[in-house]
Amino acid sequence: MVNAKAKAGQWLYLLVCILILLKAEGAGVGITYLDSAVAKGAVCLDGSPPAYHFDKGFGSGVNNWLVHMEGGGWCNNIETCVARKKTDTGSSKLMVKSFGFSGILGSKQSSNPDFYNWNRIKVRYCDGSSFTGDIEAVDPANQLYFRGARVWRAIMDDLLAKGMKNAQNAILSGCSAGGLASILNCDRFRSLFPTTTKVKCISDAGFFLNAKDVSGGSLIQTFYSQVVATHGSDKNLPASCTSRMSPELCFFPQNVVPYMQTPIFFINSAYDFWQIKNILAPSAADPKKQWKNCKLNLTTCSAAQLQTIQGNYQVSNEAYIYSLCSHFSFNQLLRTCTWKILESQESI
């Protein structure tokens, strides 16, 4: 058990790292456009090819693979998806050509001793459905392609052909919407490999809760229902869940995880800023703005509000819960400082 003093030092180290915004390690990793996937209909929202960044493994890590999926929210209707396709989360045409790897994707042994020489991949997110959508028809009026599930499979097939099929160890990870994708696709990822391959998943800030908001409603459930309907996601959500309940409920990890067969580890903030703001106290559920200050600054919350916030989070044996009020803005797995803390943590 790590003592209180050691823990305090770790939190201080984490805070310092975040404040100075550590730069990525080494040279940027170039982008790979998967042009061959277009013929299969595996495309971004705007019809452009999917893309990823790949830093090849070497030495003892040459047969180990770490695939990390980018986050970036969702689009839940035509209007929001049209807006999204004009950004780098909807079109590979707008993505940066080079991306610096750090944290769990870093190439320095000193800061990433476990994975520095693995094959490390960052999958770019350009569909708005956590890689679950698949609708064949394309409306000529908006030219939107809802093909997230095809994008995921096309990239996995390409990586398998480049040597991932021979993996001794394989990890599927992701942050935020990508962290949700790592949950929803974890067992599917496991099925790509022979039984001799050790496969695990990591979800960073991807455990989105189906919790009642402060008005007693559930706007997040309505939102996810719209995402599933817009993208045609129902057929690509885990069958172990959809066979038991409505598909939109299977966008929530709490309804998927109990039936998963593949080991998965969760990293989440105990005070997830995005979830407090958008799930627990969205503006539509707080017309009198009683939560306006609290959801932006926890130090302004009343005792009752803090109790409401704390009542929505539980720690499990398969989770690392840290106390900072954060979400995707810190992208914990990709921060060198956070990854070093996770390595050194003996227990929660």
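**View 1. Glu136 and its salt-bridge partners in the predicted model.** E136 counts as exposed, with a relative accessibility of 56%. This model is predicted. The side chain of E136 meets that of R150 in a salt bridge, at 2.5 Å from N to O. R150 belongs to helix α3 (residues 148–161), while E136 sits in the loop between β5 and α3, so the pair ties together parts that are 14 residues apart in sequence. The link does not stop at two residues: D134, E136 and R150 form a network of salt bridges.

**View 2. A salt bridge within helix α3.** R153 and D157 form a salt bridge here, and their closest N and O atoms are 2.7 Å apart. Both residues lie in helix α3, four residues apart, a separation of about one helical turn. R153 counts as partly exposed, at 39% relative accessibility. D157 also counts as partly exposed, at 29%.

**View 3. A salt bridge between strands β2 and β5.** The partners are D55 and R120, with 3.1 Å between the closest N and O atoms. D55 is in strand β2 and R120 in strand β5, so the contact ties together parts that are 65 residues apart in sequence. Are the two partners buried or exposed? D55 counts as partly exposed because its relative accessibility is 21%, and the cut-off for buried is under 20%. R120 counts as buried, at 1%. In total, the structure holds six salt bridges.

**View 4. Strand β3 between its neighbours.** Strand β3 covers residues 64–69, and six of its six residues are buried. N64, L66 and H68 point one way from the strand. W65, V67 and M69 point the other way. Residues on both faces are buried. Which strands pair with β3? One is strand β6 (residues 169–175), which pairs with β3 in the parallel sense over six bridges. Within this pairing, W65 has A170 as its bridge partner. Another is strand β5 (residues 119–123), also parallel to β3, with five bridges. There, M69 has V123 as its bridge partner.

**View 5. Strand β1 and its antiparallel partners.** Strand β1 spans residues 29–33 and runs antiparallel to strand β4 (residues 98–99), joined by two bridges. V29 has F99 of β4 as its bridge partner. Strand β2 (residues 51–55) also runs antiparallel to β1, and three bridges join the two. Here Y33 stands opposite A51.

**View 6. Trp74 and Phe223, an edge-to-face pair.** A pair of aromatic rings is described by the distance of the centres and the angle of the planes. The count of aromatic pairs comes to 15. In one of them, the ring centres of W74 and F223 are 6.3 Å apart and the planes stand at 70°, so the pair is edge-to-face. The two rings come from distant parts of the chain, 149 residues apart: W74 is in the loop between β3 and α2 (78–84), and F223 is in helix α6 (residues 219–231). W74 is buried, with a relative accessible area of 11%. F223 is partly exposed, at 23%.

**View 7. Phe189 and Phe193.** F189 and F193 form an edge-to-face aromatic pair, with 5.0 Å from centre to centre and 75° between the planes. F189 is buried, and its relative accessible area is 0%. F193 is buried as well, at 7%.

**View 8. An aromatic cluster.** Which rings gather around W74 and F223 in one cluster? The other members are F208, Y224, F251, F252 and W274.

**View 9. Arginines over tyrosine rings.** The charged end of R84 sits over the ring of Y125, 4.8 Å from the ring centre. R244 lies over the face of Y259, and its distance from the ring centre is 3.9 Å.

**View 10. The whole protein.** The protein has 11 helices and nine strands. Of its 348 residues, 52% are buried. The accessible surface comes to about 15200 Å², and carbon and sulfur atoms account for 54% of that area. Among contacts with a separation of 6 or more, 76% join residues 24 or more positions apart.

Technical notes. Residues are numbered from 1 along each chain as its sequence is written. This is a predicted model: local features need pLDDT of at least 70, side-chain atom pairs count only at pLDDT 80 or more; totals for chains, interfaces and linings use all residues. Side-chain values use heavy atoms; hydrogens and water are left out. Buried means under 20% relative accessible area, exposed over 50%, partly exposed in between (1.4 Å probe, protein chains only). Two strands pair if DSSP finds at least two bridges between them. Contact means heavy atoms within 4.5 Å. Accessible areas come from the Shrake-Rupley method with a 1.4 Å probe; for residues, only the protein chains shown count as cover. Rings of Phe, Tyr and Trp (its six-membered ring) pair if their centres lie within 6.5 Å; planes under 30 degrees apart count as stacked, over 60 as edge-to-face and the rest as tilted. A charge sits over a ring if NZ of Lys or CZ of Arg is within 6 Å of the ring centre and within 35 degrees of the ring normal. A salt bridge is a side-chain nitrogen of Lys or Arg within 4 Å of a carboxyl oxygen of Asp or Glu.
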